[in-house]
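You asked for comments on this complex before you take it further. My notes follow the structure.

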Amino acid sequence: MNVADWIVLLATIVGIAAYGAWRTRQVRNLNTYLRGKPSTGWGTIGLSVMATQASAITYLSIPGQGFESGIGFVQNYFGLPLALIIVCAVFLPMYRRLNVYTAYQFLAERFDEKTRLLGAGLFLLQRGLAAGVTIYAPAIIVSTVLGWPLDPVIVATGLLVIAYTVTGGSEAVALTHRWQMAVIAAGMVTALILLILRLPDGLHFSGSVAAAGALGKLHAVDFSLDPSRRYTVWTGLFGGLFLSLSYFGTDQSQVQRYIGGPSLREGRLGLLFNAVLKIPMQFVILMVGALLFVFYQFAPHPVFFNQAEWRRHAQDGRFRVIETEHAQALAQSQSAIRAWVQARASDDAAREATARAAMVAANDRAQAIRAEARAALLAADPRAKIKDSDYVFITFIVTQLPHGAVGLLLAAMFAAALSSKASELSALGSTTTIDFWRHFRPLAAADEARNMRVARRFTALWGIFAVAFALFAGFAENLIEAINILGSIFYGVLLGLFLVAFFLRHVGGSAVFFAAIAAQTLVIVMYFSLNIGYLWYNLIGCAACIALSLVLQAILSRRAGVGGRAS
Amino acid sequence: MTSPPRPDRHRETESPDVPGFGTWSAVYLFVFGWFVLVVALLTVFTAMYA
């Protein structure tokens, strides 16, 4: 990084945060602090919903997913548009009719206080733990690649987001989201254009796409019914539907983004804006990863992208042999790809098939050496971090892009980190204040100034907790999956609570409360004892909560009937 | 007073005010149709390149 990069990075990130804090410094109204400005339009709501979901991990891990496993991850988002339609039609009108600050207030209205506390507690547990991950994830990757010390990056990022989120609450979050999304979009478009311009001579864009396809990176849709496959149309449609429904419908960090605004229309259009754009957007980001795979067949790159980890462990001659073998395999792969391109242009099907087989074999050889490198790392140190896909895109940014663009792309990463973190902190602060503090201090509800002070303090406390968690905890290697797995374990049951509330009118608070506890226990036991795609836990948790609620309600109703007759 | 202001009930039932769409059901149908089109295009993309 040079001076130009630093200027772009700091001016963008600190500038947006300072602007958000300054513009919202006068917020004294609890409604504005918790739900945003009442005049917020659908465009701002839509961008805010998008920015909340798009964490820095999204922009670091997803191109890595495309590079490593291809673009099949896009299927994960198939349930999202359907879920958003359901949220618009069912959840949002109910939240607005009840005029709630948090989604969990609805559970109190529909059931009872203990069910509300359970729902809010599940949210705080899941989102509170994830808050540490979302601050740690980009920090560790950027620090590793750029050689920056990790702890100051975590603390600086944390303090910046705490400052404007505590100052302006939900209004500051929505205001900064607009500019952060602009930076993210500018960064990703810049990266895509520069990547396309740097694709190897003779292949260009269309040839590179064809090569990525021939090398198995463009299998976007998989209709397989094999439950052990992580990404298929069915896991995306069903598991993804339940994950998205619980995330957008019951997670306060999202609910808070769209329950404000002058009317139901604004929230609905903001959500549908995401329903239309999300899959194409993720497809483009995954394609960046797939094209990076082709790019790196022709550009020198390390056998293992997390070079800090490699240098830490790869000391003896065995690793030098792996590096040499990888360079040789890469040269063979380049030749094989060029031969395939020529064969493809010759319109000779038999020649093309032979060249394709040779290209795939050469690529398999290069991939086998990468696998060998990971195995050697593990042999050297069983605690070594052997997944390097999160480092692919950032390595491309810092080694291939011109100065200025590097600063812009890093600004996009940090903008994404701050945007998702701000929503989380605001939601955690709101839920703790409204669903817990007010529950135990009911007389304080009428004191608006005190509510504001408490909401600010809880928001700051959650921020400090997230920073401390990021500083002192170790995390799973694939960061986006760590968050999705955590979400899948808790979200299903939380969604079950809300679906029972919306659609099973005869089920009461006690039945759904104990059913939710039993279902959550079941999901945790299954997670530690079975090997199935994690998205299925959304479906399992939700279905178990609903089924057990029906069974318990039937038992309770029968007992009440017997008791009634006996008396 | 800390309760949020009550939303205007008339505005809660208003039409989507989106050109070409008279009801929210029509808007949802459009979004669903768009989703089906995107999945169909991805399926074609997979058949072409994978």
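The numbered points below cover confidence, the contact between the chains, the domains, one helix pair and a few single residues.

1. Status of the model. This is a predicted model, and the comments should be read with that in mind. For the complex, the predictor reports a pTM of 0.88 and an ipTM of 0.86.

2. Confidence in chain B. Chain B has a mean pLDDT of 80, with 72% of its residues at 70 or more. Its start is the part to treat with care: over residues 1–5 of chain B, pLDDT stays under 50. The model nevertheless has 12 contacts beyond four places in sequence for that stretch.

3. Make-up of chain B. The secondary structure of chain B consists of two helices and zero strands. Of the 50 residues in chain B, 14% are buried.

4. The contact between the chains. How many residues does each chain bring to the contact? Chain A gives 32 residues and chain B gives 26 residues. On the side of chain B that touches chain A, the elements giving two or more residues are helix H1 (9–12) and helix H2 (24–49) of chain B. H2(B) supplies the largest share of that side, 14 residues. By class, the side of chain B that touches chain A holds 18 nonpolar, three polar and five charged residues.

5. The loop of chain B. Gly22(B) sits in the loop between H1 and H2 of chain B. Is Gly22(B) buried or exposed? Gly22(B) counts as exposed because it has 11 C-beta neighbours inside 10 Å, and the limit for that class is 12 or fewer. From Gly22(B) to Val44(B) the sequence separation is 22 residues, and the C-alpha atoms are 33 Å apart.

6. Domains of chain A. The domain assignment splits chain A into domain 1 (3–296 + 396–475) and domain 2 (307–384). Domain 1 of chain A is thus given as two segments of sequence, 3–296 and 396–475. The C-alpha centres of domain 1 of chain A and domain 2 of chain A are 35 Å apart.

7. Contact between the domains. Where the domains of chain A meet, eight residues of domain 1 are in contact with 10 residues of domain 2. Helix H9 (residues 204–214) of chain A provides the largest share of the domain 1 side, four residues. That side of domain 1 of chain A has five nonpolar and three polar residues, and no charged ones.

8. Helices H8 and H17 of chain A. Two packed helices are described by the angle between their axes and the distance between the axes. For helix H8 (residues 150–197) and helix H17 (residues 405–440) of chain A, the angle is about 145 degrees and the axes are 6 Å apart. The crossing of H8(A) and H17(A) is left-handed. In the contact of H8(A) with H17(A) there are 22 nonpolar, 12 polar and one charged residues.

9. His177(A). This residue is in helix H8 of chain A. His177(A) counts as buried because it has 30 C-beta neighbours inside 10 Å, against a threshold of 20 or more. Leaving out residues up to four places away in sequence, His177(A) touches Leu47(A), Ser48(A), Ala51(A) and Ser419(A). His177(A) and Arg229(A) are 52 residues apart along the chain, with 35 Å between their C-alpha atoms.

10. Ala89(A). Helix H5 of chain A contains Ala89(A). With 13 C-beta neighbours inside 10 Å, Ala89(A) counts as partly exposed. Ala89(A) and Arg268(A) are 179 residues apart in sequence, yet their C-alpha atoms are 8.4 Å apart.

11. Backbone points to check. Which phi does Asn99(A) have? Asn99(A) is not a glycine but has a positive phi of about 60 degrees. Asn99(A) is in the loop between helix H5 (79–98) and helix H6 (103–110) of chain A, and it is partly exposed, with 15 other C-beta atoms within 10 Å. His204(A), also not a glycine, has a positive phi of about 55 degrees. His204(A) lies in helix H9 of chain A and is partly exposed, with 13 other C-beta atoms within 10 Å.

Conventions:
Residues numbered from 1 in each chain as written. Chains lettered and ligands numbered in written order. Predicted model: local features only at pLDDT ≥ 70, side-chain atom pairs only at ≥ 80, totals over all residues. Contact = placed C-beta atoms within 7 Å. Nonpolar A, V, L, I, M, F, W, Y, C, P; charged D, E, K, R; others polar. Domains from an automatic or database assignment. Axes fitted to C-alpha atoms, helices over the stretch in contact; angles between N-to-C directions. Left-handed = near helix turned anticlockwise from the far one by under 90°. pLDDT = per-residue confidence, 0-100.
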